[in-house]
Amino acid sequence: MKRLMTAGAVLVVAALCIAGCTEIPGMGGETVVVGAKTFNEQYILAEMVALLLEDAGYTTEMKANLNDLSLFEGIKKDQVDVYVEYTGTAYSQLLKLPPMETWEPEVVYADVVKGLEAENITVLSRLGFRDDYTIAVPEAWAEEQGVTKVSDLAPHAGEMVLVTDYVFAEREDGLPQVAKVYNFTFKEAKPMSPTLMYDVIKSGEADAITPYTTDTRVDLYDLRVLEDDRAAFPPYHAILLANEKIAGDEKAVEALSVLADRIDADTMRRLNHEFDVEKREARAIARDYLVAEGLIQG
């Protein structure tokens, strides 16, 4: 996604995984390689895709913990057959399109569909939710200062430490775009693992963080998500990508079509809560959801 991995060790693992993906799917019962990135909802959604394909008679192979570029190159080379991407990531990080002054989600989506088509990658559907970057601050501080929007941070930002994931502080459509649109900068921006951001702000070592909008830990850590009132943050619609083999396989496309516009942000947050807080296995979460929706048998 959006969440690029920068750790060298992970890149090495990803490269090895891709190199090892020699099974290529075909028609009717052969192995379909399902890719996934490195965080909660990616594991859950990838298992949903796998379960639906298995229910349609396919064998699946899971290739999880891959970074953006590994998945993109993998699907172009038929080493990954299907995975969930995000429009914001595809737009800026994969297709290298320039940031917009004001983001228009439907224009971004149309540009992404067109750009991926040129790479022989098909957008099968949007899943229904967006997982955008945002800025969150402690609820008690926000209440005391009357802060509800990103623009409200202007008189405070010069004294604030912002913690982000490894890429947001540097990528062109990330913190530089926020500074340009809102005309302020933070005292300091510290990149670190998204998992560690929450403990850091809880300890008081950070004043603000950049969580994702489907992350349920925002509630768990009593944070207030600020409204992006000047549309500085790119839209990150979740989209299901397929290579030519899967996109041309009517049976597979039909099996996966049930995910189109089915999962809203509240549902994704609830499923992520089961993974992050209740510590349930991604496949069990995915199976229970699909059964509850009547999409597979229990």
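Q: What does the UniProt annotation say about residues 31-290?
A: The unreviewed UniProt entry annotates residues 31-290 as "domain: ABC-type glycine betaine transport system substrate-binding". The structure itself is a predicted model. In this model the span 31-290 is 41% helix and 18% strand, and its end C-alpha atoms lie 21 Å apart.

Q: How do you know that the length of helix H12 is close to the expected one?
A: H12 runs over residues 265-276, which is twelve residues. The expected span is 1.5 Å times one less than the number of residues. For H12 that expectation is 16 Å, and the helix reaches 16 Å from its first C-alpha to its last.

Q: Which residues of H12 are buried, and what do the buried residues pack against?
A: Buried means under 20% relative accessible area. In H12 this applies to Thr-267, Met-268, Arg-269, Leu-271, Asn-272, Glu-274 and Asp-276. The buried residues of H12 pack against helix H2 (40-55), strand S4 (122-130), helix H9 (217-220) and helix H13 (282-292).

Q: Why are H12 and H13 called oblique to each other?
A: Two packed helices are described by the angle between their axes and the distance between the axes. H12 and H13 pack at about 140°, with their axes 9 Å apart. Angles over 145 degrees count as roughly antiparallel, and 65 to 115 as roughly perpendicular. The angle of about 140° falls in neither range, so the pair is oblique. H12 passes H13 in a right-handed crossing.

Q: Which residues of H12 and H13 meet?
A: From H12 they are Thr-267, Arg-270, Leu-271, Glu-274 and Phe-275, and from H13 they are Ala-282, Ile-285 and Tyr-289.

Q: Why do H2 and H13 also count as oblique?
A: Their axes cross at roughly 60° and come within 8 Å. Roughly parallel needs an angle under 35 degrees, and roughly perpendicular needs 65 to 115. Neither range holds roughly 60°, and H2 and H13 are therefore oblique to each other. Their crossing is right-handed.

Q: Which residues make the contact between H2 and H13?
A: H2 contributes Tyr-43, Ile-44, Glu-47, Met-48, Ala-50, Leu-51, Leu-52 and Glu-54. These meet Ala-282, Arg-283, Ile-285, Ala-286, Arg-287, Tyr-289 and Leu-290 in H13.

Q: What makes H2 roughly perpendicular to H12?
A: The axes of H2 and H12 cross at roughly 105° and come within 9 Å. Since 65 to 115 degrees counts as roughly perpendicular, H2 has that relation to H12. The contact is made by Asn-40, Glu-41, Tyr-43, Ile-44, Leu-45 and Met-48 of H2 and by Met-268, Leu-271, Asn-272, Phe-275 and Asp-276 of H12.

Q: Why is Thr-216 called buried?
A: Thr-216 has 8% relative accessibility, and buried means under 20%, so the residue counts as buried. Thr-216 lies in the loop between strand S8 (208-209) and H9. Not counting residues up to four places away in sequence, Thr-216 touches Arg-269, Asn-272, His-273, Asp-276 and Val-277. Its C-alpha is separated by 36 Å from that of Ala-118, 98 residues apart along the chain.

Q: How do you know whether Leu-66 is buried or exposed?
A: The relative accessible area of Leu-66 is 1%, which is under the 20% cut-off, so Leu-66 is buried. The residue is found in the loop between strand S2 (59-63) and helix H3 (68-76). Leu-66 and Val-225 are 159 residues apart in sequence and 28 Å apart in space, C-alpha to C-alpha.

Q: Why is Glu-170 called exposed?
A: Exposed means over 50%, and Glu-170 has a relative accessible area of 67%, so Glu-170 is exposed. Glu-170 lies in the loop between strand S6 (161-164) and helix H7 (175-182). From Glu-170 to Ala-252 the C-alpha distance is 38 Å, with their positions 82 residues apart in sequence.

Q: What is the phi of Lys-96, and why is Lys-96 called exposed?
A: Phi of Lys-96 is near 60°, a positive value in a residue other than glycine. Its relative accessible area is 62%, over the 50% cut-off, so Lys-96 is exposed. Lys-96 is in the loop between helix H4 (87-94) and helix H5 (105-117).

Q: Why does Ala-231 count as partly exposed?
A: Partly exposed lies between the cut-offs of 20% and 50%, and Ala-231 has 23% relative accessibility, so the term applies. Ala-231 is not a glycine, yet has a positive phi of about 50°. Its loop is the one between strand S9 (223-225) and strand S10 (237-242).

Notes. Residues numbered from 1 in each chain as written. Predicted model: local features only at pLDDT ≥ 70, side-chain atom pairs only at ≥ 80, totals over all residues. Heavy atoms only, no water. UniProt positions renumbered as here; feature names shortened; annotations may be inferred. Helix = DSSP H or I, 4+ residues; strand = E, 2+ residues; numbered from the N terminus. Buried < 20%, exposed > 50% of the residue type's maximum accessible area, 1.4 Å probe, protein only. Contact = heavy atoms within 4.5 Å. Axes fitted to C-alpha atoms, helices over the stretch in contact; angles between N-to-C directions. Left-handed = near helix turned anticlockwise from the far one by under 90°.
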